[in-house]
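Reader: Hello! Could you take me through one part of this model in close detail, with the side-chain contacts in view?

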Amino acid sequence: MVKSNGGVTGTRNSATGLSGANKASGMWGLPETGLYVKESNWPQVTVEVTYLVVAGGGGGGGYIGGGGGGGGVLNSVVYLNKSTAYTVTIGGAGSGGSGTGQGGNGGNSVFKDQTSVGGGGGGGGEGLNGISGGSGGGGGRAGRGSTYGSGTAGQGYRGGSGNSGTGADGVGTGAGGGGAGAIGGDASGSTGGTGGTGYLNGLTGSNLYYASGGGGGAYNGTGGTGGNNPVGGNGGSGSGGQQSGSTNRGGGGGSGGYPTTGGGNGGSGVIILQIPNNFTATFSAGVTSSLSTPVAGYKTYTITAAGGSDTVTFT
């Protein structure tokens, strides 16, 4: 029962806020409400946020190596408090391997406490393995002992396996990097392995692939096709042709061939956030973002650049 001074008689009501079910049932007076607010137990207004977090893709290996792995991908819905700053970071592109070296890993992308792991660099053609990452880099030509890198559970897949010289040129070819949707393709004869398929998502209003693997390199044969090319870059051969992964799509770079050697860079990552129309996202100064409304009743923010100290706040 509510008293004339705004207090409440009888058993104290129960409210659960930040650490509970975020609700307050029953009849409340101002003093009792104020007590729960002071204790940080009064229910908060939350914002429904659908997110897609894509890490940077790995660089392709050099000299008949493996394709870079696609960046790791996380896609889910979370309910967040208003007026609280949450971390946003966009992972950079992994660098392509030079000479006979491995490609570099892509950078991690972060939203709140969710981290997508950068794609693994492709293996080098002289026995350097593909590197593990969000999706793993493909193995270089197997005659030198190179094998694939592993993917991260729930984010991507391993790279493929190179071969030892079964093609007409007798040198061996590199494998495709893993993608967020499938394992990288194995080398076949004198043709490099195909990059693994990426992750298909339509938050922007168009169904787009993200985080596909790069193609493996070849000698005088044919470089492997990048996964969902141009998201994942094509692998090179004796006549060149290696490609970088697509910017802000998290694709892996294609491996270099011979004698063109150097691998393509990976593609940088991206974060996409979708919230109801009655809320607005505000970003710190270092963030590059764009706003669209492809879905009725919702705002969609695409973040293409953000450093480690950058944030987003919902109001």
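**The Arg141 salt bridge and its company**

Author: Happily! Let us begin with Arg141, which is buried, with 4% relative accessible area. Please keep in mind that this is a predicted model. The partner of Arg141 is Glu126: the two form a salt bridge whose closest N and O atoms are 2.5 Å apart. Both residues sit in the loop between β7 (114-116) and β8 (199-201), and with 15 residues separating them the pair links distant parts of the chain. Glu126 counts as partly exposed because its relative accessibility is 34%.

The structure holds 2 salt bridges in total. In the other, Asp113 pairs with Lys112, with 3.3 Å between the closest N and O atoms. Here Asp113 is exposed at 53% relative accessible area, while Lys112 is partly exposed at 29%.

Charge also meets aromatic rings in this model. The charged end of Arg158 sits over the ring of Tyr148, 4.2 Å from the ring centre, and Arg249 lies over the face of Tyr210 at 5.5 Å from the centre of that ring.

As for rings meeting rings, a search of the whole structure gives 5 aromatic pairs. One of them joins Tyr51 and Phe111 in a tilted arrangement, 5.6 Å centre to centre with 55 degrees between the planes. Tyr51 belongs to strand β3 (residues 46-54) and Phe111 to strand β6 (residues 109-111), so this pair too links distant parts of the chain, 60 residues apart. Tyr51 is buried at 6% relative accessibility, and Phe111 is buried at 0%. Finally, Tyr63, Tyr219 and Tyr258 come together as one aromatic cluster.

Methods:
Residues numbered from 1 in each chain as written. Predicted model: local features only at pLDDT ≥ 70, side-chain atom pairs only at ≥ 80, totals over all residues. Heavy atoms only, no water. Phe/Tyr/Trp six-rings, centres within 6.5 Å; stacked < 30°, edge-to-face > 60°. Helix = DSSP H or I, 4+ residues; strand = E, 2+ residues; numbered from the N terminus. Buried < 20%, exposed > 50% of the residue type's maximum accessible area, 1.4 Å probe, protein only. Lys NZ or Arg CZ within 6 Å of the ring centre and 35° of its normal. Salt bridge = Lys/Arg side-chain N within 4 Å of Asp/Glu carboxyl O.
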